[in-house]
Amino acid sequence: MRTTAKVDYAVRAGVALARTAAEAEADGVRPEPMKAHVLASEEDIPPKFLESILADLKRAQLVASQRGAVGGYRLARPAAEITVADVIRAVEGPLADVRGERPEDIAYRDGLEALQRMWIALRANLRAVLERTTLADLAAGALAPDVDALVETPGAWEPH
């Protein structure tokens, strides 16, 4: 799987907004919206690119915006309810497609049915990690135990 800069930046922005929300909740107050330029600076994301990403996240109802002097962006729902899969789908579409089509919609000729099943298995494995990992998990620096265990499998850290 190739992770684009757009996905990386979108997840990082989501985690930053989740941290802001968690800090506010710990203080017993409502989180203040975060200005896009502050978010861009703190996360080292090109500002124009971030604006495009925030627009995608807003369209997907993952972030909300507020105009004005105290305006900015905040998560539209609790960070524990927003998965990394949600963020990826918001900025790039389906988690796994083949030539722009969903794997279940592709008809392969006889003898290649296993190829379609492989693409679907790949998508299922992506979902097993990305739909189990929330912005709250990442903001807290923790993963679900079964997801975290995957990084300890033999060869997980070795490039191929």
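Helices here are DSSP runs of H or I of at least four residues, and strands are runs of E of at least two, numbered from the N terminus. With that convention in hand, the tour of this predicted model can begin.

**The whole chain**

Display the full protein as a cartoon. Its secondary structure amounts to seven helices and two strands, and from the N terminus on these elements follow the order α-α-α-β-β-α-α-α-α. The C-alpha trace extends about 60 × 30 × 25 Å along its principal axes. Of the 160 residues, 35% count as buried. Among contacts between residues at least 6 apart in sequence, 57% link residues at least 24 apart.

**Helix α2: A40 and L39**

Select A40, which sits in helix α2. Is this residue buried or exposed? A40 has a relative accessible area of 3%, and because the limit for a buried residue is under 20%, A40 is classed as buried. Once neighbours within four places in sequence are set aside, the contacts of A40 are I45, P47 and L50. To gauge a distance across the model, add T83: this residue is 43 residues from A40 along the chain, and their C-alpha atoms are 21 Å apart.

Next, select L39, also placed in helix α2. L39 has a relative accessibility of 0% and is therefore buried. Which residues does L39 touch, not counting those up to four places away in sequence? They are A13, A16, L17, M34, L50 and L54. For a further distance, pick G14: 25 residues separate L39 and G14 along the chain, and 9.9 Å separates their C-alpha atoms.

**The largest nonpolar core**

Keep L39 selected and add L57, L75, V87 and L135. The largest nonpolar core has 35 residues, and these five touch the most other members. At least two residues of this core come from each of α1 (5-26), α2 (36-43), α3, β2 (72-75), α4 and α5 (113-130). Colour α1 separately, since the largest share of the core, nine residues, belongs to that helix. As a general background, nonpolar side chains tend to be buried together in soluble globular proteins.

**Where α3 meets α4**

Now isolate helix α3 (residues 47-59) and helix α4 (residues 84-92). Two packed helices are described by the angle between their axes and the distance between the axes. For α3 and α4, the packing angle is about 110 degrees and the axes lie 8 Å apart. Because angles of 65 to 115 degrees count as roughly perpendicular, α3 and α4 are roughly perpendicular to each other. Their crossing is right-handed.

Show the side chains at this contact. On the α3 side are I53, D56 and L57, which meet V87, A90 and V91 of α4. By character, the contact residues comprise five nonpolar, no polar and one charged. Two of the residues here, L57 and V87, were already selected as core members.

**Along α4 and past its end**

Stay with α4 and select V84, A85, V87, I88, A90 and V91, which are buried. What covers these buried residues? The covering elements include α1, α3, α5 and α6 (135-140). Finally, move just beyond α4 to G93, where the backbone takes a positive phi of about 95 degrees.

Key:
Residues are numbered from 1 along each chain as its sequence is written. This is a predicted model: local features need pLDDT of at least 70, side-chain atom pairs count only at pLDDT 80 or more; totals for chains, interfaces and linings use all residues. Side-chain values use heavy atoms; hydrogens and water are left out. Axes are lines fitted to C-alpha atoms, for helices over the stretch in contact, and angles run from 0 to 180 degrees between N-to-C directions. Angles under 35 degrees count as roughly parallel, over 145 as roughly antiparallel, 65 to 115 as roughly perpendicular and the rest as oblique. A crossing is left-handed if the near helix is turned anticlockwise from the far one by less than a right angle, and right-handed if clockwise. Contact means heavy atoms within 4.5 Å. Ala, Val, Leu, Ile, Met, Phe, Trp, Tyr, Cys and Pro count as nonpolar, Asp, Glu, Lys and Arg as charged, and the others, Gly among them, as polar. A nonpolar core is a set of buried Ala, Val, Leu, Ile, Met, Phe, Trp, Tyr and Cys residues joined through side-chain atoms within 4.5 Å. Buried means under 20% relative accessible area, exposed over 50%, partly exposed in between (1.4 Å probe, protein chains only).
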